[in-house]
Amino acid sequence: MATSNSNFLNRWFGNANQWFRDTPERALDQAYDAALKIRSLENEHFQGEKIPSESHTEYSDRTLAYFNSELKKHLKIIQTRLMVFNASRSVLGLSEQLNPASTVNGEITHNLERNGSLPDSKIISIICEKLDYIDTVISRYHPMTPEDSVALMKAPTNQSLSLRNTVINQDLSITNAPGNNKSLNNGSSTSSSGKTIQEDLTTKPSPSVLPRSLLRTLNRVQQELRPESEFEMIQNYRKSKIKTLVSIRFVLLIILIPLLTQQLAKNFVVGPIVDRVFTNQEQTPIFLNVNMEEEAFVELQHYEQRLRFQALIGQAPPLNPQELDEKLEERAKELAEEYKVDGSNAIKNVFADIIAVSMFCFVLVSNRKEVEILKSFMGDLIYGLSDSAKAFIIILSTDMFVGFHSPHGWEVILESTARHFGLPENRDFNFLFIATFPVILDAVFKYWIFRYLNRSSPSAVSTYKTMNE
């Protein structure tokens, strides 16, 4: 019984030790396979060019978003697996991992050569080849300095350099096969074209007789005729439907939740506290600012003039001075009560709006995935419009906010905001704001058109210039 337990523990520790020793090899294989998948996407869908991050003439925005998500996933795998490779290799030691040895009858024999596998120089060449291939693939998306390169191993000897061009000839199409993870000790594999990976990377696509746009169109037709195209179309439609529903629901949430929070806080939280303070204090000011006081005086003066005018034209009986004073006193008390309520509402609006803004920020922070989906949905919605529609929206927005008649609109907005919060109206601040903010906004619009829209949709910019002229 003790012997069986001992054998079991020995086998377990042996397997664990072997698994740990194979960690650098396994991590490098996984990083290499991810690089092969990136290269396969480039060759199959982008004619060997890098995967674009912006609009492409052949694919829609949703398709490009899918390709970029796959690219980010594979780059993340490469980054993490290379970290594991470097960390485990530093623990085990390079010589022990690449040239494991065991003593038999006092003689040291190399396991790889004894088992008939690759010699040590070829293993080093394989590792260097894979690291160079990974560096070449990821440098197209993250330019690296020689110090940041993942090929952290020193250059191999002249003997290994002579074997370098004869090792690892692998077809990129194996990335789609289920058993594409090759061990370092499995030797070199030959690609269908007979070219090495180094030659495949350095060789640029030769110019073709037909235009690339025609070739991309033919490729798209070929992709649509595949048996899986119908299923992929249904899947894309379902994803688009889910994105639309999530975006609409999230827009309603970020609009309704702050509004409901503002009203509930104003009526049930902040309102009772402010009303209690204003009711209990006898010296509570009636007017919060000078503008409200002037408005009350002007309104009382108009009321007195209205009474005198109605008495002069015979629409009301003549009033003696005592009756006139009584009516003016009654009206003054009504105005005082109205402006006192307006002042308390302004104070309530300040605290209720702060709570509503806090709730709005909380909704955005707690729903980051929905925010990303909404950004993607808005991007698809905007860039999916026709060129004339884009130009119309741009002209409408610029004329409304930075156009010739926009100062009147900004003046109304500033006055309404000041009245909402009970602030005194400052004409100098209003004029300074109107003189500077629309100019800054106009510069931002023009920079956005020049920097982003001109690259993503040049035809929309041309239509915008034509319509604006």
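## Reading the pocket, salt bridges and surface of a predicted model

The largest share of the lining of the largest pocket, 10 residues, is supplied by helix α10.

User: Before I look at that pocket, what kind of model is this?

Analyst: This is a predicted model, and local features are reported for residues with pLDDT of at least 70, whereas totals for linings use all residues.

User: What is the volume of the largest pocket, and which residues are closest to its centre?

Analyst: The largest pocket has a volume of about 1,500 Å³. It is lined by 37 residues, and those closest to the centre are Arg-62, Thr-63, Tyr-66, Phe-67 and Asn-236.

User: Which helices supply at least two residues each to the lining of the largest pocket, and how do the lining residues divide by character?

Analyst: At least two lining residues come from each of α2 (23–45), α3 (61–92), α9 (212–224), α10 and α13 (368–383), with the largest share, 10 residues, coming from α10. By character, the lining holds nine nonpolar, 14 polar and 14 charged residues.

User: How should I read a salt bridge, and how many are there by this rule?

Analyst: The general idea is that side chains of opposite charge can pair when their charged atoms come close. The rule asks for a side-chain nitrogen of Lys or Arg within 4 Å of a carboxyl oxygen of Asp or Glu, and by this rule the count in the model comes to 14 salt bridges.

User: Where do Lys-243 and Asp-380 lie, and are they buried or exposed?

Analyst: The side chains of Lys-243 and Asp-380 meet in a salt bridge, with a distance of 3.2 Å from N to O. Lys-243 belongs to helix α10 and Asp-380 to helix α13, so this pair ties together parts that are 137 residues apart in sequence. Both Lys-243 and Asp-380 are buried.

User: Which salt bridges have both partners in helix α12, for instance around Lys-333 and Arg-331?

Analyst: One of them joins the side chains of Lys-333 and Glu-329 at 3.7 Å, N to O, and these two residues of helix α12 (residues 321–366) are four residues apart, about one turn of the helix. Lys-333 counts as exposed because its relative accessibility is 55%, while Glu-329, at 47%, counts as partly exposed. Another joins Arg-331 and Glu-334 at 3.1 Å, N to O, and here the partners, both in helix α12, are three residues apart, again about one turn of the helix. Arg-331 has a relative accessibility of 16% and therefore counts as buried, whereas Glu-334, at 35%, counts as partly exposed.

User: Which residues are linked in a network of salt bridges?

Analyst: Such a network links Glu-411, Glu-415, Glu-425 and Arg-427.

User: Turning to the surface, which residues make the nonpolar patch?

Analyst: The nonpolar surface patch, of about 900 Å², is made by Ile-248, Leu-252, Ile-255, Leu-256, Leu-259, Leu-260, Leu-264, Phe-268 and Val-269. Among them, Leu-252 is found in helix α10 (residues 229–280), and Leu-252 counts as partly exposed because its relative accessibility is 46%.

User: Where is Pro-285 found, and how far apart in space are Pro-285 and Tyr-339?

Analyst: Pro-285 is found in the loop between α10 and α11 (290–312), and with a relative accessible area of 49%, Pro-285 is partly exposed. Although Pro-285 and Tyr-339 are 54 residues apart in sequence, their C-alpha atoms are 9.9 Å apart in space.

How values were computed
Residues numbered from 1 in each chain as written. Predicted model: local features only at pLDDT ≥ 70, side-chain atom pairs only at ≥ 80, totals over all residues. Heavy atoms only, no water. Patch = residues over 30% accessible without salt bridge, like charges linked within 9 Å, V, L, I, M, F, W, Y side chains within 5 Å. Areas by Shrake-Rupley, 256 points an atom, 1.4 Å probe, with all protein chains shown as cover. Buried < 20%, exposed > 50% of the residue type's maximum accessible area, 1.4 Å probe, protein only. 1 Å grid on protein atoms, 1.4 Å probe; cavity = no way out; pocket = protein on both sides within 12 Å on 5 of 7 lines; lining within 4 Å. Points joined across faces, edges and corners; volume = space filled by probe spheres on them. Nonpolar A, V, L, I, M, F, W, Y, C, P; charged D, E, K, R; others polar.
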